[in-house]
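Visitor: I should like to learn how to read the features of a protein model. Could you guide me through one, step by step?

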Amino acid sequence: MGTAELVTIAIALAMDAFAVAIATGVALKAVSFRQTFRLSWHFGLFQALMPIIGWHLGITVREYIEAYDHWIAFVLLGYIGYKMIREAFADEDASRGDPTRGMSLIVLSVATSIDALAVGLSLSVLGVSIWWPSAVIGIVALIFTMVGLHVGKTAVRAKCLGKYAEILGGTVLIGIGVRILWEHGALPL
């Protein structure tokens with residue numbers, strides 16, 4: 001996997017975190033350093049850990065699925081991309097309280113990083129080492145969360161921006177899945 005692909009995957013995965021950070025910034029209106037640190041640290045950490053967990057799950061079954069692993073990667077990435085695009089059009093109610101604290105923070109961290117678990121599984125079945133991709137995914141998510149939180153507190157139309165970010169992220173993941181099929185000769189193109 002090349003650097004451009006890795007960064008593209010990391011950015012696509014960070015779109016959920018970015019969208020949630022924008023919504024959080026809009027809800028909070030005033031964002032402190034502590035809130036920025038908590039949200040971005042947790043989102044980055046969970047985005048980095050989930051691919052590792054998915055990768056370890058994947059290596060236990062790799063030998064059984066090597067003949068069709070590219071299709072598994074395509075289905076997982078396609079599903080994640082579809083889900084991101086579908087969720088971009090769903091209505092979300094603004095949560096009350098400070099979502100950068102307590103159980104809300106943990107739930108948001110897990111929810112925005114589930115996609116990274118599937119990417120880790122995909123990388124495992126493709127035989128790609130997980131440590132560097134995991135670090136890049138976590139750092140990109142951390143940065144996008146910080147930026148999204150502050151965009152949300154200042155932009156009047158931030159919710160619309162988050163929607164487009166999720167659509168773009170989902171489209172990129174689907175595109176990467178198609179590229180994996182093409183590289184494995186599974187497409188008649």
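Guide: Let us begin with accessible area, which comes from the Shrake-Rupley method with a 1.4 Å probe. The model before you is predicted. By this method the protein exposes about 9900 Å², and carbon and sulfur atoms supply 69% of that area.

Visitor: How many helices and how many strands are there in the protein?

Guide: The protein has 7 helices and 0 strands. Read from the N terminus on, its elements run α-α-α-α-α-α-α.

Visitor: What does the UniProt record add about the "transmembrane region" feature?

Guide: The unreviewed UniProt entry places that feature at residues 6-28, 40-61, 67-85, 105-124, 130-152 and 164-182. Such annotations may be inferred rather than shown by experiment. Two of these spans can be compared with the model. Residues 105-124 are 100% helix and 0% strand, and the C-alpha atoms at the ends of the span lie 28 Å apart. Residues 130-152 are 96% helix and 0% strand, with end C-alpha atoms 32 Å apart.

Visitor: How should I read a salt bridge, and how many does a search of the whole structure find?

Guide: The general idea is that side chains of opposite charge can pair when their charged atoms come close. In this structure the search finds 2 salt bridges. One joins the side chains of arginine 179 and glutamate 5, with N and O 2.7 Å apart. Arginine 179 belongs to helix H7 (residues 158-183) and glutamate 5 to helix H1 (residues 3-28), so this pair ties together parts that are 174 residues apart in sequence.

Visitor: Which residue forms a salt bridge with arginine 179 at 3.1 Å?

Guide: That residue is glutamate 183, and the 3.1 Å is the distance between the closest N and O atoms. Glutamate 183 and arginine 179 both lie in helix H7, 4 residues apart, which is about one turn of the helix. Glu5, Arg179 and Glu183 are thus named together as a network of salt bridges.

Visitor: Is glutamate 5 buried or exposed?

Guide: The cut-off to apply is that a residue is buried under 20% relative accessible area and exposed over 50%, with partly exposed in between. Glutamate 5 has 18% relative accessibility, and therefore counts as buried. Arginine 179, at 42%, is partly exposed, and glutamate 183, at 44%, is also partly exposed. Across the protein, buried residues make up 46% of the 189 residues.

Visitor: Which residues touch the most other members of the largest nonpolar core?

Guide: In soluble globular proteins, nonpolar side chains tend to be buried together. The largest nonpolar core here has 30 residues, and those touching the most other members are Leu13, Leu77, Ile80, Val119, Leu123 and Leu173. The elements giving two or more residues to this core are H1, helix H2 (33-59), helix H4 (69-88), helix H5 (102-125), helix H6 (131-154) and H7. H1 provides the largest share, 9 residues. Apart from this core lies another, of 8 residues, among them Ala21, Val31, Leu39 and Leu149.

Visitor: What does leucine 173 touch, not counting residues up to four places away in sequence?

Guide: Leucine 173 touches Ala12, Leu13, Leu77, Ile80, Gly81 and Met84. For the protein as a whole, among contacts with a separation of 6 or more, 92% are between residues 24 or more positions apart.

Visitor: Where else may one look for residues that are distant in sequence?

Guide: Consider serine 32, in the loop between H1 and H2. The C-alpha atoms of serine 32 and histidine 150 are 9.7 Å apart, while the two residues are 118 residues apart in sequence. Serine 32 is partly exposed, at 32% relative accessibility. A second case is glutamate 87, in helix H4. Its C-alpha atom is separated by 9.7 Å from that of glycine 170, 83 residues apart along the chain. Glutamate 87 counts as partly exposed, at 26% relative accessibility.

Visitor: Which residues form a nonpolar patch on the surface?

Guide: The patch consists of Phe33, Phe37, Trp41, Leu45, Leu49, Ile53 and Leu57, which together have about 730 Å² of accessible area. Phenylalanine 37 may serve as an example: it is placed in helix H2, and at 47% relative accessibility it counts as partly exposed.

Definitions and conventions. Residues numbered from 1 in each chain as written. Predicted model: local features only at pLDDT ≥ 70, side-chain atom pairs only at ≥ 80, totals over all residues. Heavy atoms only, no water. Salt bridge = Lys/Arg side-chain N within 4 Å of Asp/Glu carboxyl O. Buried < 20%, exposed > 50% of the residue type's maximum accessible area, 1.4 Å probe, protein only. Core = buried A, V, L, I, M, F, W, Y, C linked by side-chain atoms within 4.5 Å. Contact = heavy atoms within 4.5 Å. Patch = residues over 30% accessible without salt bridge, like charges linked within 9 Å, V, L, I, M, F, W, Y side chains within 5 Å.
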